[in-house]
Amino acid sequence: MTDSGPLIVNFLTGIYAGDTRDLVFTVYAAGTTQAQVTAGTAVPRNITGFTFEWAMKHQDDDTAQLSSLTTANPAEVELSDAVNGEVTVHLPRSVTAANPGRHRHALRRTNSGNESVGAIGDIVIHPAPTGTG
């Protein structure tokens with residue numbers, strides 16, 4: 001997540017309907033590029049006091065959200081390592097069970113006067129495996 005535009009963060013494997021998963025994001029210093037993140041040269045930003053919302057939709061232009069989780073409830077979204085820019089979205093079983101398929105997601109800073117989308121991408125929730133019990 002940068003101040004120069006949203007980073008592309010995809011979650012394409014390893015999430016199944018009915019799973020509980022943690023999605024970890026890092027917020028980077030202003031001006032960070034996707035290339036710097038990929039190269040491992042990006043500098044994390046201290047996000048102490050920041051607030052966030054994570055949302056999932058079928059498509060970017062949908063008005064209805066399939067799920068919305070916020071830092072207002074740390075069991076949903078928490079500043080897991082604020083000094084090092086780490087935000088963790090705790091994806092509950094209720095969200096994955098109800099929404100198998102390929103969707104779009106976004107992590108957005110919600111502090112008044114500083115609202116911005118920092119990360120966007122695809123999330124795939126695979127059908128629950130069968131015959132594994």
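Which helix is Thr96 found in? Thr96 belongs to helix H2, which covers residues 93-98, and we'll come back to this residue at the end of the tour. Before setting off, keep in mind that what you're looking at is a predicted model. The protein chain has an average pLDDT of 90, and 94% of the residues score at least 70. Element by element, strand E5 (residues 77-81) comes out with the highest mean pLDDT, 97, while E1 has the lowest, 85.

Let's start with the open sheet. Five strands make it up, and they sit in the order E1-E8-E7-E3-E4, with mixed pairing. Strand E1 (7-8) and strand E4 (67-70) are the edge strands: each has a single partner strand, so one side of each is left without a neighbour in the sheet. For E1, look across to strand E8 (residues 116-125): the two run parallel and are joined by two bridges. If you want to spot that pairing, find Ile8, whose bridge partner in E8 is Ile120.

Now move over to strand E6, residues 86-91. Five of its six residues are buried, so E6 is largely enclosed by the rest of the structure. Strand E2 (residues 21-26) pairs with E6 in the antiparallel sense, over six bridges; here Asp22 stands opposite His90. E5 also runs antiparallel to E6, and three bridges join them, with Val77 standing opposite Val89. E5 and E6 form a hairpin with four residues between the strands, and in that hairpin Gly85 takes a positive phi near 75 degrees.

His90 deserves a stop of its own. This residue lies in strand E6. Is His90 buried or exposed? With a relative accessible area of 19%, His90 falls under the 20% cut-off, so it counts as buried. Its side chain makes a polar contact of 2.7 Å with the side chain of Glu78. Leaving out residues up to four places away in sequence, His90 touches Arg21, Asp22, Leu69, Pro74, Ala75, Glu76 and Glu78. Trp54 sits 36 residues away from His90 along the chain, yet their C-alpha atoms are separated by 9.8 Å.

Trp54 leads us on to the core. In soluble globular proteins, nonpolar side chains tend to be buried together. Here, the largest nonpolar core has 26 residues, and the ones that touch the most other members are Leu23, Phe25 and Trp54. E2, strand E3 (52-57), E6 and E8 each supply at least two residues of this core. Take Phe25 and see what surrounds it: setting aside neighbours within four places in sequence, Phe25 is in contact with Val9, Phe11, Trp54, Gly85, Glu86, Val87, Val89, His105, Leu107 and Ala119. So the list includes Gly85, the residue with the positive phi in the hairpin of E5 and E6.

And so back to Thr96 in helix H2. How much relative accessible area does Thr96 have? The value is 0%, and Thr96 is buried. A polar atom of its side chain lies 2.6 Å from the backbone oxygen of Asp19. Asp19 also appears among the residues that Thr96 touches beyond four places in sequence, along with Ile15, Tyr16, Ala17, Gly18, Leu91 and Ile125.

Technical notes. Residues are numbered from 1 along each chain as its sequence is written. This is a predicted model: local features need pLDDT of at least 70, side-chain atom pairs count only at pLDDT 80 or more; totals for chains, interfaces and linings use all residues. Side-chain values use heavy atoms; hydrogens and water are left out. Two strands pair if DSSP finds at least two bridges between them. pLDDT is the predictor's confidence in each residue, from 0 to 100. Buried means under 20% relative accessible area, exposed over 50%, partly exposed in between (1.4 Å probe, protein chains only). Contact means heavy atoms within 4.5 Å. A polar contact is a pair of N or O atoms within 3.5 Å; within protein, one must be able to donate a hydrogen and the other to accept it, and residues adjacent in sequence count only if both atoms are side-chain atoms. A nonpolar core is a set of buried Ala, Val, Leu, Ile, Met, Phe, Trp, Tyr and Cys residues joined through side-chain atoms within 4.5 Å.
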